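Let's take a walk through this structure together, starting with the whole chain and then stopping at a few particular spots. Have the sequence and the 3D view ready.

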Amino acid sequence: MRSPSGNSGPRRGAELRELGIIENGAVLCVGGKITSVGSTKDALRDPWVKKHRKKIREIDCAGKVVLPGFVDSHTHPAFVSPRLTDFEKRIAGASYEEIAKAGGGIRSSIDAVRRAGKSELAEKVLSALNEFASHGTTTVEAKSGYGLSLEAELKSLEAIKAASALWPGTVLPTFLGAHVVPPEFQRNPEQYVSLICEEMIPLVAKRKLAKFVDVFCDKGAFNEEDSLRILNAARKNGLQVRAHISQLTRTSLERILKLNPLSLDHLDHVDEADIQLLTKSKTVATLVPGANYFLGLRDYPPARKLIDAGVAVALATDYNPGSSPTASMPFVLSLACTHMKMTPAEAIAAATINGAWALGIEKSKGSLEPGKDADLAIFDVKDYRELAYWVASNRCDSVIAAGFVAAPR
Ligand code: NIG
Ligand code: FE
């Protein structure tokens with residue numbers, strides 16, 4: 001995944017297809033970092049390797065595919081239970097929005113999170129992180145957003161922190177207090193927005209519990225004005241911003257892009273003007289087709305249009321109990337290829353290096369290059385295209401995170 005042109009910036013257009021495959025390759029890692037990447041022949045001739053051969057742990061990947069560990073740049077793991085009643089309601093014909101209006105959806109996950117102890121929640125997050133790793137993911141962005149009170153949001157972020165400490169991969173926490181307006185503020189949503197801006201964000205920043213602030217900017221959640229107010233408060237408190245936008249209905253991206261979000265996510269309803277603006281920006285468009293799949297939608301985000309226009313596209317699972325209960329990046333690659341007409345190579349780059357750009361960690365994650373973290377995923381397939389080809393089949397052999405072998409199967 002080394003940049004073919006040396007361009008710095010997320011992969012765009014034809015560059016998204018350049019995987020820089022090394023056949024019969026070897027990756028040398030020392031102290032949790034990658035020190036060299038090249039052919040096995042050259043690695044074996046390396047004087048340092050010759051001298052230290054006995055101390056080096058060799059992992060034989062013959063006949064397998066080795067990738068940078070997936071960077072899943074959009075997940076919601078801080079919840080307690082699956083949402084099975086909503087699942088059945090949707091099967092009977094109700095839409096995501098209808099379910100939300102009837103008290104289901106995000107709001108129906110709040111009570112259990114508010115009641116849960118921090119360690120119970122941390123256990124849920126940790127079991128999700130282990131599931132991510134078992135499918136080849138070594139870096140995960142993890143949002144709060146099912147507590148929606150000062151106390152329960154702080155607890156969610158602390159649970160994410162506690163779980164991360166027990167997981168060998170890397171977790172980037174995001175505060176999503178602006179997921180929906182909780183029931184007690186239903187009549188006075190502005191008051192909840194004030195609580196987010198004036199109390200929650202400053203405290204989250206002060207306690208260093210999140211790197212990012214996210215907002216669900218859409219019908220039934222937060223309008224554009226309130227979303228901008230929240231993201232401005234985030235920036236004022238030194239936090240970076242991202243947003244769920246244009247998932248259910250279109251919001252023009254013009255104003256939100258002025259805040260330089262690292263990523264805007266979902267983007268099902270972008271129009272030509274939005275695409276032009278994204279092309280000119282550094283913001284990554286993170287597409288989460290697991291949500292379209294699970295909600296049974298016919299349409300998927302316009303990946304082809306975005307990529308061909310030169311927008312930097314990433315892929316993520318959107319792991320959550322309401323719209324995308326999957327931790328599997330390979331499944332997302334499959335959806336990207338079958339439903340969005342991305343090529344397997346584009347999907348892999350979107351799930352690794354562009355995911356890293358979407359989180360601002362491109363200097364340490366997302367490609368196998370000297371100096372980067374030793375985060376690798378080994379797959380029991382002969383050709384990288386098989387990753388997107390075998391549907392609902394986990395071919396991940398093991399992952400290495402910061403030089404440690406994790407989640408071996
Ligand atoms: O990304 N769109 C908003 N949030 C989630 C859904 C969360 C939920 O339903 O629990 C999403 O799809
Ligand atoms: Fe989401």
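One bit of vocabulary before we set off: helices and strands here are DSSP runs, with at least four residues for a helix and at least two for a strand, and they are numbered from the N terminus. That helps when we say where something sits, as with Leu148, which is in the loop between strand S5 (137–143) and helix H7 (150–165). Keep in mind as well that what you are looking at is a predicted model.

Now zoom out. The protein chain has 17 helices and 14 strands. Its radius of gyration is 21 Å, close to the 22 Å that the globule rule gives for 409 residues, so the chain is as compact as a globular protein of that length. Put a box around the C-alpha atoms along the principal axes, and that box comes to roughly 70 × 45 × 45 Å.

How much of the chain is tucked away? Of the 409 residues, 56% count as buried. As for the outside, the accessible surface is about 17800 Å², and carbon and sulfur atoms account for 52% of that. The chain carries 52 positive and 47 negative charges, and the mean positions of the two sets are 5 Å apart. Contacts tell us how the chain folds back on itself: take those between residues at least 6 apart in sequence, and 70% of them join residues at least 24 apart.

With the overall picture in place, head for the metal. Which residues hold the iron ion (ligand 2)? The coordinating atoms come from His74 (NE2), His76 (NE2), His244 (NE2) and Asp318 (OD), at 2.0 to 2.3 Å. Written as a sequence pattern, the spacing of these donors is H-x1-H-x167-H-x73-D. Distant parts of the chain are linked here: His74 belongs to the loop between strand S4 (70–72) and helix H3 (84–91), while His244 is in strand S8 (residues 240–245), 170 residues apart. Both His74 and His244 are buried.

Next, a look at the backbone. Most residues other than glycine have a negative phi. Back at Leu148, though, phi is positive, at about 55 degrees, and this residue is not a glycine. Leu148 also counts as buried, because its relative accessibility is 0%, and buried means under 20%. Lys341 is another non-glycine residue with a positive phi, near 60 degrees. You'll find Lys341 in the loop between helix H14 (329–340) and helix H15 (344–351). Is Lys341 buried or exposed? With a relative accessible area of 55%, Lys341 is exposed, since the cut-off for that is over 50%.

Two more loops are worth a stop. Gly63 sits between helix H2 (47–52) and strand S3 (65–68). Setting aside neighbours within four places in sequence, Gly63 is in contact with Val381 and Lys382. Asp268, on the other hand, is 205 residues from Gly63 along the chain, and their C-alpha atoms are separated by 38 Å.

Our last stop is Thr249, in the loop between S8 and helix H10 (254–257). Thr249 counts as partly exposed, at 25% relative accessibility. Beyond neighbours within four places in sequence, Thr249 is in contact with Asp218, Lys219 and His269. Pro330 is 81 residues from Thr249 in sequence, with 28 Å between their C-alpha atoms.

Methods
Residues are numbered from 1 along each chain as its sequence is written. Chains are lettered from A and ligands numbered from 1 in the order in which they are written. This is a predicted model: local features need pLDDT of at least 70, side-chain atom pairs count only at pLDDT 80 or more; totals for chains, interfaces and linings use all residues. Side-chain values use heavy atoms; hydrogens and water are left out. The radius of gyration is taken over C-alpha atoms; the globule rule is 2.2 Å times the number of residues to the power 0.38. Buried means under 20% relative accessible area, exposed over 50%, partly exposed in between (1.4 Å probe, protein chains only). Contact means heavy atoms within 4.5 Å. Accessible areas come from the Shrake-Rupley method with a 1.4 Å probe; for residues, only the protein chains shown count as cover. Lys and Arg count as positive and Asp and Glu as negative; His and the chain ends are not counted. The place of a charge is taken as NZ of Lys, CZ of Arg, CG of Asp or CD of Glu. Donors are N, O and S atoms within 2.8 Å of the metal (3.2 Å for Na, K and Ca); water is not among the atoms, so sites may look incomplete.
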